Protein chains: 2
Amino acid sequence: MADKNLTAGLEDYLEAIYIAQNKNKTVKGIDVARMLNISRASVSEALSKLVSKGLITYESYGTISFTPTGHTEAEKVYNTHNTLKSFFQTVLNISPEEASENACKIEHIISKSVLAEIKDFTDYCNNHPEIINEYRQRKDNGKNLSDRKISGSTPSDIETE
Amino acid sequence: MADKNLTAGLEDYLEAIYIAQNKNKTVKGIDVARMLNISRASVSEALSKLVSKGLITYESYGTISFTPTGHTEAEKVYNTHNTLKSFFQTVLNISPEEASENACKIEHIISKSVLAEIKDFTDYCNNHPEIINEYRQRKDNGKNLSDRKISGSTPSDIETE
DNA sequence: ACAATTTGTTAGGTATGCCTTACAATTATT
DNA sequence: AATAATTGTAAGGCATACCTAACAAATTGT
């Protein structure tokens with residue numbers, strides 16, 4: 001039960017297990033390997049790490065289960081994914097596939113408060129469809145961005161941080 | 001002049017060099033090391049890679065310059081960063097620091113079309129301030145998201161892809 | 001111009017995370 | 001129950017990307 005820091009990779013494993021459980025009832029290593037398109041050997045290693053971090057329980061040839069902590073963590077990743085996907089799809093009009101692909105990568109690195117803001121903003125937009133409708137109409141008419149000029153989104157500061 | 005595939009790390013180097021050039025005129029390895037908080041040794045390695053990929057020219061103890069390709073690539077990363085930062089700041093009301101931090105990570109993995117949509121949407125919002133004003137007002141009044149109920153952004157599908 | 005300081009490189013090391021190959025253990029088939 | 005097929009693990013490798021320490025080269029100060 002070492003430290004709980006999760007790499008992007010381990011988060012992906014948790015998420016895959018979570019999704020597989022919601023479909024299949026029981027999940028084994030091979031399922032994870034297939035879902036993530038990764039060798040059985042690599043999955044075996046990763047599962048050991050998750051066990052040693054106290055996030056799953058798992059015995060050879062047995063079923064993978066979450067510990068309470070593991071379940072919470074997996075759910076967190078899953079919810080983050082869905083929040084992002086929903087934003088991309090419903091606000092930005094991105095295809096489901098591409099929305100998912102982007103969410104899969106961004107879910108591991110976005111900060112809590114940006115995520116919270118995205119969630120709130122998405123909800124707001126979905127409750128006020130006229131905003132998105134109006135926006136999309138203008139885009140389609142080529143009037144695009146502004147009523148008058150084409151302007152670019154470019155903040156003036158220059159820095160690294 | 002090997003392949004041109006850029007890892008997130010190499011993109012960070014390009015971006016740092018680009019930013020440093022806009023400030024300092026001339027850029028040397030040590031500047032990059034300081035900006036990215038990375039050892040001189042690691043910078044030395046990375047610069048060799050950028051040279052061998054044909055993105056910069058650089059000789060020991062000399063100044064770092066972009067090749068045309070390198071300049072284009074660096075600019076691309078920099079613009080992506082700014083587009084994201086601008087969205088976080090102006091639409092989501094995130095602090096400049098946190099906006100930058102998130103942009104720094106996401107800039108390397110976001111897809112072209114999601115980025116383009118974010119850019120257009122940000123421009124639209126900035127040209128129609130009433131949208132954001134109204135949204136923020138509701139948030140501040142605790143009326144939050146919807147006019148009636150609290151709903152969550154949760155798409156119903158479950159998948160990995 | 002010489003010493004001191006700064007900057008750059010090399011060598012060797014660590015950690016992550018994937019791979020393949022070969023083998024072991026389990027499960028399914030008949 | 002014996003054999004076949006599947007699933008899991010171990011060992012050894014590879015690539016990335018960082019590090020420190022030691023040394024080399026260049027630059028700066030006086």
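**Protein surfaces around DNA strands C and D**

In this predicted model, the side chain of Ser42(B) places an N or O atom 2.7 Å from a phosphate oxygen of DNA strand D, a polar contact in the sense of a pair of N or O atoms within 3.5 Å (within protein, one must be able to donate a hydrogen and the other to accept it, and residues adjacent in sequence count only if both atoms are side-chain atoms). Chain A also reaches phosphate oxygens of DNA strand D: an N or O atom in the side chain of Ser44(A) lies 2.7 Å from one, and for the side chain of Arg34(A) the distance is 3.0 Å. The elements giving two or more residues to the surface near this strand are α2 (29-36) and α3 of chain A, together with α3 of chain B. Helices (H or I, at least four residues) and strands (E, at least two) are DSSP runs, numbered from the N terminus. The greatest contribution near DNA strand D comes from α3(B), with 4 residues.

In total, 20 residues surround DNA strand D, and Ile30(A), Ser44(A), Ser60(A), Thr7(B) and Ser42(B) are the closest. Of the atoms of DNA strand D that come within 4 Å of the protein, 60% are from sugar and phosphate. A residue is near a strand if one of its heavy atoms lies within 4 Å of it. By class, the surface near DNA strand D comprises 8 nonpolar, 7 polar and 5 charged residues; Ala, Val, Leu, Ile, Met, Phe, Trp, Tyr, Cys and Pro count as nonpolar, Asp, Glu, Lys and Arg as charged, and the others, Gly among them, as polar.

Turning to DNA strand C, chain B supplies contacts of several kinds. The side chain of Ser44(B) has an N or O atom 2.7 Å from a phosphate oxygen of DNA strand C, while Gly29(B) brings a backbone N or O atom to 3.3 Å from a phosphate oxygen. Tyr61(B) addresses a base: a polar atom of its side chain is 3.3 Å from a base oxygen of DNA strand C. Two or more residues each are given to the surface near this strand by α3 (40-52) of chain A and by α2 (29-36) and α3 (40-52) of chain B. Here α3(A) gives the most, with 4 residues.

Around DNA strand C there are 20 residues, of which Thr7(A), Ser42(A), Ile30(B), Ser44(B) and Ser60(B) come nearest. Sugar or phosphate makes up 62% of the atoms of DNA strand C within 4 Å of the protein, and the rest belong to bases. The surface near DNA strand C has 8 nonpolar, 7 polar and 5 charged residues.

Residues are numbered from 1 along each chain as its sequence is written, and chains are lettered from A and ligands numbered from 1 in the order in which they are written. In this predicted model, local features need pLDDT of at least 70, side-chain atom pairs count only at pLDDT 80 or more, and totals for chains, interfaces and linings use all residues, while side-chain values use heavy atoms, with hydrogens and water left out.
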